[in-house]
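Work through the exercises below with the model open beside you. Try each task before reading its solution.

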Amino acid sequence: MNLGIDLGSSNTLVATLTKDRTPIIIPDNLDKNAETTPSAIIIDNNKVIVGSLAKNIYQAYPDKNLYTFFKRHFGSYIPLGLTQQQLPIFSETLASIMLKKVVYDAKLFINEDINKIVVTVPSHYNDLQRRSVIEAARLANVQLTSLLDEPIAAALYYIGENNALNQELILIYDLGGGTFDLSVLTKNGEQIHVVAKGGINNIGGEEFDQIIINKIKQVYYRTFGITIKDSIYNNNLLKILAEECKITINQTNQGLEKWFYFDNRFFRVYFDIKEYNTFALEIIRKTEECVKDTLKKLGLSLPDINQIILIGGASNSKLLYEYWQKQINTAFQKIIYHQPLTSVSKGAAIYANSFSNDQEASKSNLDLKNVSSYNIAIKTKESREPELIIHKNTPLPVSGKKIYALDTRARRTELELCQYLDSKEFTQPLGIISIENSSISRESSIELVIENKVDGTVGIKIFNPHSGAPLKFDFINNDSEAKYDFVQQKSLIDSLFINNLVD
């Protein structure tokens, strides 16, 4: 059995292929009618409650801390909470719990050994975020075969069901619970070419939820003259109720009246559809700006796109569909919903099944041509601007190299590795490459090779520029990572019982 896992901000899904190679969703073990497992977790001593069960238990025990949207914190290595024993809990810890849970569901459902597992990630994830997902799999004892970009996974599933798409430019528009992703791709025979990628890390369904939350808080203050108490219970309850209201409004595109109960007070809120749409359109326009900017850098514009495929839970909105319908020429362009909630996991299952069953092999037989998500650069102490090594949207895998002089005034030479979309807006530091000068004999320079791998992660090699011999170096991640201890987190994960089941 091979699995594709969509590790989502709001929901996590796992899929596999039947014997006739049809992708199917593996249901939640506790609810055979549920295709999704909410990415929600409660940790209580050595017990962990995951998914819809966690949300239900939270209603009865509001003093518990309900962890949601932890995917947004990948790459930060900042604790999101503490156990009763005061051990830190990281986004990687929580993600590993989700992986263990859905893999366990798959084993019970299929009753076969698992050979290959592909986990999807947003296409614009940087190296730190991608390595967080790899770390979560490592914590969960999941033998990860590959990472796969979410829009590309959706495209694999869509193209697999629609063969007559040769030479068409397809835009995968993925608005999920916590992130916005886009990929522009085309199909040529059996080859799928990713032309460009883009996205926004902090835009997704959570931003639409916040519109609802702000309205509830506003009405409460206007009614009672005080604010809703800032507590774990109230904050988590606001998130749950806001998501329920948002789903109703997005599917009907109509106003909604609802009663709420906070801090021993009942109050009524009417969500005016025009007011909601005003704020929602601001979010949608930001995604449009990202789409147009990505196309512009390719020398393209929206009329060049043949099909826009809407995926991700937050894209399942009448307002969003109608918005994009107005942006295109419906005579020769199409807006398509293609199973927005399940297409990513099903595409990941198709990709997982493309690998041979040889445990030593890690090459897919699918002819998938991907591109780099970021510019990759080096900062030295002397350089004001990052020195570009690998350009964004370059076909993967790709390597770049540069000769650097050693800093003979210091004991060590340090180079900062970073990624960015636009260096004038934000540069993401990945870590410091540190070389002991005395270990390089009499050489005055080094050859630095940076590789952007097929899975989007970044590799580093350093050589003697004259002999070609590899040289030793240290790679120092950001300071916050010092709080993260793999052995400690692994011991914590192994001590937990998920939904009272023993794996």
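Four exercises follow, all on a predicted model.

**Exercise 1. A buried acid**

Task: Place Asp263 in the fold, then find which side chain of opposite charge is nearest and what the Asp263 side chain reaches.

Solution:
- Step 1. Start with the chain trace. Asp263 sits in a loop, with strand E15 (256-262) before it and strand E16 (265-271) after it.
- Step 2. Check burial and charge. Asp263 is buried, yet it has no salt bridge.
- Step 3. Find the nearest opposite charge. That is the side chain of Lys229, 5.2 Å away. A salt bridge needs a distance within 4 Å, so this pair does not count.
- Step 4. Turn to the backbone. The side chain of Asp263 reaches the backbone nitrogen of Lys229 at 3.0 Å.
- Step 5. List the surroundings. Leaving out residues up to four places away in sequence, Asp263 touches Tyr220, Ile228, Lys229 and Asn234.

**Exercise 2. A five-strand sheet**

Task: Give the strand order of the open sheet that holds E24, and name its edge strands.

Solution:
- Step 1. Read the order across the sheet: E21-E20-E23-E24-E27, with antiparallel pairing.
- Step 2. Pick out the edges. Strand E21 (387-390) and strand E27 (474-476) each pair on one side only.
- Step 3. Add the twist. From one strand to the next, it averages 30°.
- Step 4. Zoom in on one pair. Strand E24 (residues 426-436) joins E27 through three bridges, in the antiparallel sense. Here Ile432 stands opposite Ile476 in E27.

**Exercise 3. A three-strand sheet**

Task: Which strands stand at the edges of the open sheet E22-E25-E26, and what does that leave on one side of each?

Solution:
- Step 1. Take the order E22-E25-E26; the pairing is antiparallel.
- Step 2. Count partners. Strand E22 (398-405) and strand E26 (458-463) have a single partner strand each, so one side of each lacks a neighbour in the sheet.
- Step 3. Note the twist: it averages 20° from one strand to the next.
- Step 4. Follow one pair. Six bridges link strand E25 (residues 445-452) to E26 in the antiparallel sense. Asn452 has Val458 in E26 as its bridge partner.

**Exercise 4. A loop leucine**

Task: Is Leu496 buried or exposed, and which residues does it contact?

Solution:
- Step 1. Locate it. Leu496 lies in the loop between helix H10 (486-494) and strand E28 (497-498).
- Step 2. Apply the cut-off. Buried means under 20% relative accessible area. Leu496 has 11% relative accessibility, so it counts as buried.
- Step 3. Find the contacts. Beyond its neighbours within four places in sequence, Leu496 is in contact with Asn45, Asn46, Val48 and Ile97.
- Step 4. Gauge a separation. Leu496 and Ile212 are 35 Å apart, C-alpha to C-alpha, and 284 residues apart in sequence.

Key. Residues numbered from 1 in each chain as written. Predicted model: local features only at pLDDT ≥ 70, side-chain atom pairs only at ≥ 80, totals over all residues. Heavy atoms only, no water. Helix = DSSP H or I, 4+ residues; strand = E, 2+ residues; numbered from the N terminus. Buried < 20%, exposed > 50% of the residue type's maximum accessible area, 1.4 Å probe, protein only. Lys, Arg positive; Asp, Glu negative; His and termini not counted. Polar contact = N/O pair within 3.5 Å; in protein donor to acceptor, adjacent residues only side chain to side chain. Contact = heavy atoms within 4.5 Å. Pairing = 2+ DSSP bridges. Axes fitted to C-alpha atoms, helices over the stretch in contact; angles between N-to-C directions.
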